[in-house]
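Open the model in a viewer and keep the sequence panel visible. The stops below say what to select and what to look for there.

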Amino acid sequence: MSYLSADEEELLRELRAGNEKAFNEIYDRYWKNLYLFARNKLRSEDEALDITQDIFVKLWTKRDTLLITTSLSGYLFKSLKNKILDHIAATYTREDYLASLKTATLPFRESTAEKIAESEIYSLLDTSLASMPSRMKEIFELSRRQDQSIAEISEQLDLSQQTVKNQLTGALRRLRLSLSDYIVSILLFCIWIS
């Protein structure tokens with residue numbers, strides 16, 4: 001049966017029933033627009049491709065428990081926007097953070113206290129990296145410090161791309177948890193000394 005003329009409700013009903021042809025039709029209808037939206041926001045073809053694919057993987061794996069209160073297209077775009085926001089937050093690394101501190105509109109004096117604060121951030125980051133499993137740390141270093149794509153890391157380490165993504169997600173989650181409270185303290189400190 002062809003689903004080319006099926007409406008969203010019919011496609012969604014068939015998707016929930018596990019119909020792969022309905023899923024393929026949804027993919028064909030929405031993939032390109034979702035990908036172009038993600039690429040426009042992220043300015044990276046690889047990241048846009050990964051995030052768009054993740055949306056469809058989630059759609060298929062969670063098909064029987066999906067709670068869609070809007071249209072299917074609305075649900076997909078909302079999922080994509082949330083995934084993009086999560087990705088942007090997760091990639092806010094040490095270099096980005098320190099660069100933003102140096103270019104902030106607040107005056108930033110090179111006082112002893114500021115040097116100590118910067119040193120503590122580096123120390124905290126290094127401690128967090130050191131506590132990671134060796135493979136996770138290696139993948140993080142290749143991604144963030146050597147600027148390699150998921151595909152490049154996957155090929156270099158002979159791992160699946162999903163394994164690389166999972167390891168990066170885990171590394172970023174650990175870093176966010178270890179740095180989140182401290183970053184707020186540093187920002188307050190910088191405001192206080194300005």
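## Two helices at an angle

Helix 7 and helix 8 are oblique to each other, because the angle between their axes is about 135°, and angles over 145 would be needed to count as roughly antiparallel. This is a predicted model. Select residues 134-145 for helix 7 and residues 150-157 for helix 8; the two axes are 10 Å apart. The crossing of helix 7 past helix 8 is right-handed. Show side chains for R135, E138, I139, L142 and S143 on helix 7, and for I153, Q156 and L157 on helix 8; these residues make the contact. An α-helix has 3.6 residues a turn, so residues three or four places apart point the same way.

## The whole chain

Now zoom out and colour by secondary structure. The chain has nine helices and zero strands, so a run along it from the N terminus reads α-α-α-α-α-α-α-α-α. Of its 194 residues, 35% are buried. Among contacts with a separation of 6 or more, 62% join residues 24 or more positions apart.

## Helix 1 and L15

Select residues 8-16, which form helix 1, and pick out L15 within them. Is L15 buried or exposed? Its relative accessible area is 0%, so L15 is buried. Next, draw a distance from the C-alpha of L15 to that of W60: the two residues are 45 apart in sequence and 7.7 Å apart in space. Beyond its neighbours within four places in sequence, L15 is in contact with A22, F23, I26, L59, W60, R63 and L66. Select that set together with L15 to see the surroundings of this side chain.

## The loop between helix 2 and helix 3

Move to R43, in the loop that joins helix 2 (20-42) to helix 3. Phi of R43 is near 55°, a positive value in a residue other than glycine. Most residues other than glycine have a negative phi. R43 counts as exposed because its relative accessibility is 70%, where over 50% is required.

S44 lies in the same loop, between helix 2 and helix 3. S44 has a relative accessible area of 18%, so it is buried, the limit being under 20%. Show the side chain of S44 and the backbone of E47: at the start of helix 3, a side-chain oxygen of S44 reaches to within 3.2 Å of the backbone nitrogen of E47.

## Helix 3 and T52

Continue into helix 3, residues 45-61. Helix 3 has 17 residues and spans 24 Å from its first C-alpha to its last, close to the 24 Å expected at 1.5 Å a residue. Which residues of helix 3 are buried? They include A48, D50, I51, T52, I55, F56 and L59.

Centre the view on T52, which sits in helix 3. T52 is buried because its relative accessible area is 0%. The side chain of T52 reaches the backbone oxygen of A48 at 2.7 Å. Leaving out residues up to four places away in sequence, T52 touches W31, L34, Y35, A38 and L80.

## The loop between helix 8 and helix 9

Go back towards the C-terminal part of the sequence and select D158, found in the loop between helix 8 and helix 9 (161-193). Where does the phi of D158 fall? Phi is near 55° here, a positive value in a residue other than glycine. D158 counts as exposed because its relative accessibility is 70%.

## Helix 9 and R174

The last stop is R174, placed in helix 9. R174 has a relative accessible area of 35%, so it is partly exposed. Draw a distance from the C-alpha of R174 to that of M132: the atoms are separated by 8.2 Å, while the residues are 42 apart along the chain. Not counting residues up to four places away in sequence, R174 touches S128, S131, M132, P133 and M136. Show these side chains with R174 to finish the tour.

How values were computed
Residues are numbered from 1 along each chain as its sequence is written. This is a predicted model: local features need pLDDT of at least 70, side-chain atom pairs count only at pLDDT 80 or more; totals for chains, interfaces and linings use all residues. Side-chain values use heavy atoms; hydrogens and water are left out. Helices (H or I, at least four residues) and strands (E, at least two) are DSSP runs, numbered from the N terminus. The expected span of a helix is 1.5 Å times one less than its number of residues. Buried means under 20% relative accessible area, exposed over 50%, partly exposed in between (1.4 Å probe, protein chains only). A polar contact is a pair of N or O atoms within 3.5 Å; within protein, one must be able to donate a hydrogen and the other to accept it, and residues adjacent in sequence count only if both atoms are side-chain atoms. Contact means heavy atoms within 4.5 Å. Axes are lines fitted to C-alpha atoms, for helices over the stretch in contact, and angles run from 0 to 180 degrees between N-to-C directions. Angles under 35 degrees count as roughly parallel, over 145 as roughly antiparallel, 65 to 115 as roughly perpendicular and the rest as oblique. A crossing is left-handed if the near helix is turned anticlockwise from the far one by less than a right angle, and right-handed if clockwise.
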